[in-house]
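Thank you all for making time this morning. Please have the sequence and the model open in front of you, since I will move from one part of the chain to another.

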Amino acid sequence: MKKLNVCVIGTGSISDMHLTSYQKNPYVNLYGVYDYSKDRAVEKGKKYHIDNVYEDLESLFQDPEVDAVSVCTWNNTHAEITIAALQSDKHVLVEKPLSLSVEEALKVEAVAKQSNKTVQVGFVRRFATNTSVLKKFIDNGKLGEIYYAKASCLRRLGNPGGWFADKERSGGGPLIDLGVHVIDVCWYLMGRPKVRSISGNTYTKLGNRSNIENLSFYKAADYDKANDNVEDLANALITFENGASLMVDVSFTLHSKNDEIKVQLFGTKGGAELEPELTIITEENNTIVNMHPQIDHLTFDFENAFQNEIDAFVNSCLFQHEIVSPVEDGVELMKILSGIYEAAEKKGEVLFSS
Ligand SMILES: NC(=O)c1ccc[n+]([C@@H]2O[C@H](COP(=O)([O-])OP(=O)(O)OC[C@H]3O[C@@H](n4cnc5c(N)ncnc54)[C@H](O)[C@@H]3O)[C@@H](O)[C@H]2O)c1
């Protein structure tokens, strides 16, 4: 059987998770790489024994041997690269977020619908084992009707700087970078209800706190302490057409004791904590019971989740498996993220019509 020839576009930090996972998939031939930075592309090419390092995107897209691409570039180019790839007949796995605006996301969706190619959005938390185990419990009715969820991802010190802190390239700060994941996983597990209204706030009170000493944190390759124009905290209340609601808070920096990640869902028959560790809460014989599933990955495990994500993408390209995180969900997430930024800007509620 012919293997899927895959190229990775954008060979920075996250590309390693894509490249390593493709390398482990028996149906994939790692075929090429491209980056604005030729040096970075050449280095990754060597590391993963990849023959083709393209000079420009045009030649990558015109190469008929290329079957699929992973888009691992800055957020501001996800939509245009995805559209160009689809128009050149390639399958696409695009990193989150799908785009910087709802309009752009809708354009990608329209082109995707015209093509017979797979478009998968990189909502990697959907592919984590703790998420898929919880989803089975939810689908079997263990939680009943889920009417409330809470998603929190707080860094006390962790603005990566570089393009992450440049709104033009990133689209925003912790909301679009971290919030996208925790909002998505809640929304997915809630059954992907349509959004009805959003209120939210963004704050730029602390800046990037480049003054802090003796505490290390991840910095982008092009970190420059002088450049930062994104929010450092965002919070929101999202209400859905079915009456359910989701409360979110995310930060790049905050005067909090520790970093914190928490994802919780509450239903009529039970509840669940997905992060920091999967627990299912229920009631039996008039007793509250906390259940602890015995699985390898109780918490989000990067390598495991990425491998599952890449395997799922390959299976939908080659074997037409259902797409777990399709382009329509990328569009809905952009509605939610843009809605939060809009609500914060106008200091009022944003309403959506169905
Ligand atoms: N799924 C996850 O958990 C996860 C984690 C980290 C980053 N990401 C996403 O992955 C993407 C990349 O993030 P990163 O941390 O690897 O950033 P990075 O800065 O380490 O790497 C980005 C690379 O893309 C290149 N690039 C940017 N625009 C390009 C273009 N139009 N054409 C060619 N090359 C281009 C840059 O030169 C750089 O080498 C972002 O969209 C980010 O949101 C996802």
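I will go through a sheet, two helices, the nonpolar core and finally one residue in a strand.

Please keep in mind throughout that this is a predicted model. Let me begin with the open sheet, in which 6 strands are arranged in the order 3-2-1-4-5-6 with parallel pairing. At the edges we find strand 3, residues 52–53, and strand 6, residues 119–122, each of which pairs on one side only. For those of you who are new to this, strands of a sheet pair through backbone hydrogen bonds, and the pairing can be parallel or antiparallel. If we look at one edge in detail, strand 2, which covers residues 28–34, pairs with strand 3 in the parallel sense over 2 bridges, and here Gly32 stands opposite Asn52 of strand 3.

Now to the helices around these strands. Helix 4, residues 78–87, lies across strand 1 (4–9), strand 4 (68–71), strand 5 (91–95) and strand 6, and its direction makes an angle of about 175° with strand 5. Helix 1, residues 15–24, has as its buried residues Ser15, Met17, His18, Leu19, Ser21 and Tyr22. What, then, covers the buried residues of helix 1? The cover includes strand 1, strand 2 and strand 4, together with helix 2 (38–47) and helix 9 (302–319).

Turning to the core, the largest nonpolar core contains 99 residues, and Cys7, Cys186 and Ile340 are those with the most contacts inside it. This core takes at least three residues from each of two domains, namely domain 1 (4–124 + 306–326) and domain 2 (126–301 + 333–351). Among the residues that Ile340 touches are Leu175, Ile198 and Ala234.

According to the UniProt record, which is an unreviewed entry, residues 134–272 carry the feature "domain: GFO/IDH/MocA-like oxidoreductase". In the model this span is 19% helix and 32% strand, and its end C-alpha atoms lie 8 Å apart.

My last stop is Val250, which lies in strand 10, residues 245–251. Why does Val250 count as buried? It does so because 29 C-beta neighbours lie inside 10 Å of Val250, where 20 or more are needed for a residue to be called buried. Leaving aside residues up to four places away in sequence, Val250 touches Cys153, Leu154, Pro174, Leu175, Leu178, Gly179 and Ala234. By contrast, Val250 and His91, which are 159 residues apart in sequence, are separated by 32 Å from C-alpha to C-alpha.

Definitions and conventions
Residues numbered from 1 in each chain as written. Predicted model: local features only at pLDDT ≥ 70, side-chain atom pairs only at ≥ 80, totals over all residues. Helix = DSSP H or I, 4+ residues; strand = E, 2+ residues; numbered from the N terminus. Buried ≥ 20, exposed ≤ 12 C-beta atoms within 10 Å, placed from the backbone. Contact = placed C-beta atoms within 7 Å. Pairing = 2+ DSSP bridges. Axes fitted to C-alpha atoms, helices over the stretch in contact; angles between N-to-C directions. Core = buried A, V, L, I, M, F, W, Y, C linked by C-beta atoms within 7 Å. Domains from an automatic or database assignment. UniProt positions renumbered as here; feature names shortened; annotations may be inferred.
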